[in-house]
Amino acid sequence: MVSWKPPKDNGGSPITNYIVEKREAKKTSFTQVEKLGPKAQSCKLQYLLENTEYLVQVRAQNKVGVSQPLTADQPVLPKHPYSKCHSFVKEYHAEMFSRF
C-alpha cells in the first residue's frame, strides 16, 4: 500500500488526479500503476514479484500540468502475504509536495 497527503500548494488549480508509478529498482523507467481521483490518498500495489525491489512515486495532476514526482526514499520489497516477516505490500507514508 502506498499512501500520501494532498499537496500544500496546488499551483492555483485544484488537483484532478494522482498518478502512481512503479519501477523495478534495477530498471530505469517508471510505468503507471494507477490514475486516481483527487480524493484518493492511497493505492494498493498489485502484481508485484516477490523478492524484487521496486521504487514507487506519486505525481499530482491539475489544469496546470503534472507535478514533479514524490519518490519513495527506499525501495519496496514485497513478500508473500503469509510470510512470517512482512506482508506482501509495504505501506509508504509521505507528504505530497506539488512542484508545478
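Okay, let's start with charge: under the rule I'm using, this protein has one salt bridge, where a salt bridge is a side-chain nitrogen of Lys or Arg within 4 Å of a carboxyl oxygen of Asp or Glu. The two side chains in it are R59 and E21, at 3.1 Å, N to O. They come from distant parts of the chain: R59 is in strand β5, residues 54–62, E21 is in strand β2, residues 17–24, and 38 residues separate them. By strands I mean DSSP runs of E with at least two residues, and helices are runs of H or I with at least four, both numbered from the N terminus.

Before I go on, a word on what we're looking at. This is a predicted model, so local features need pLDDT of at least 70 and side-chain atom pairs count only at pLDDT 80 or more, while totals for chains, interfaces and linings use all residues. Residues are numbered from 1 along each chain as its sequence is written, and side-chain values use heavy atoms, with hydrogens and water left out.

Back to that pair. Are its partners buried or exposed? E21 has 13% relative accessibility, so it counts as buried. R59, at 22%, counts as partly exposed. The cut-offs are under 20% relative accessible area for buried, over 50% for exposed, and partly exposed in between, with a 1.4 Å probe and protein chains only.

Now let's zoom out. The protein has eight strands and zero helices. Of its 100 residues, 38% are buried. And if you take the contacts with a separation of 6 or more, 62% of them are between residues 24 or more positions apart; contact here means heavy atoms within 4.5 Å.

Strand β5 is a good one to follow. Eight of its nine residues are buried. Which strands does β5 pair with? With β2, it pairs in the antiparallel sense over eight bridges; to call two strands paired, DSSP has to find at least two bridges between them. In that pairing, V56 of β5 has K22 opposite. β5 also runs antiparallel to strand β7, residues 70–71, joined by two bridges, and there V58 stands opposite L70. Then there's strand β6, residues 65–66, again antiparallel to β5 with two bridges. A hairpin through two residues makes the connection from β5 to β6, and N62 has G65 as its bridge partner.

Next, the inside. The largest nonpolar core has 15 residues, and W4 and V20 have the most contacts inside it. A nonpolar core, for us, is a set of buried Ala, Val, Leu, Ile, Met, Phe, Trp, Tyr and Cys residues joined through side-chain atoms within 4.5 Å. Strands β1, β2 and β5 each put in at least two residues, and β5 gives the largest share of this core, with four. If you click on V20 and skip residues up to four places away in sequence, you'll find that it touches W4, L36, C43, L45, V56 and V58, among others.

W4 also turns up in the one aromatic pair we count. What is the geometry of that pair? The ring centres of W4 and Y18 are 5.4 Å apart and the planes sit at 50 degrees, so we call it tilted. The rule is that rings of Phe, Tyr and Trp (its six-membered ring) pair if their centres lie within 6.5 Å, with planes under 30 degrees apart being stacked, over 60 edge-to-face, and the rest tilted. This pair also links distant parts of the chain, with W4 in strand β1, residues 2–5, and Y18 in β2, 14 residues apart. W4 is buried at 3%, and Y18 is buried at 2%.

Let me come back to K22, in strand β2. K22 is buried yet has no salt bridge, and the nearest side chain of opposite charge, E24, is 7.4 Å away. For charges, Lys and Arg count as positive and Asp and Glu as negative, with His and the chain ends not counted. Outside its neighbours within four places in sequence, K22 is in contact with residues including F30, Y47, Y54 and V56.

That brings us to Y47, in the loop between β4 (42–43) and β5. Y47 is exposed, with a relative accessible area of 71%. Its phi is near 60 degrees, a positive value in a residue other than glycine. N51 is in the loop between β4 and β5, and N51 has a positive phi as well, near 65 degrees.
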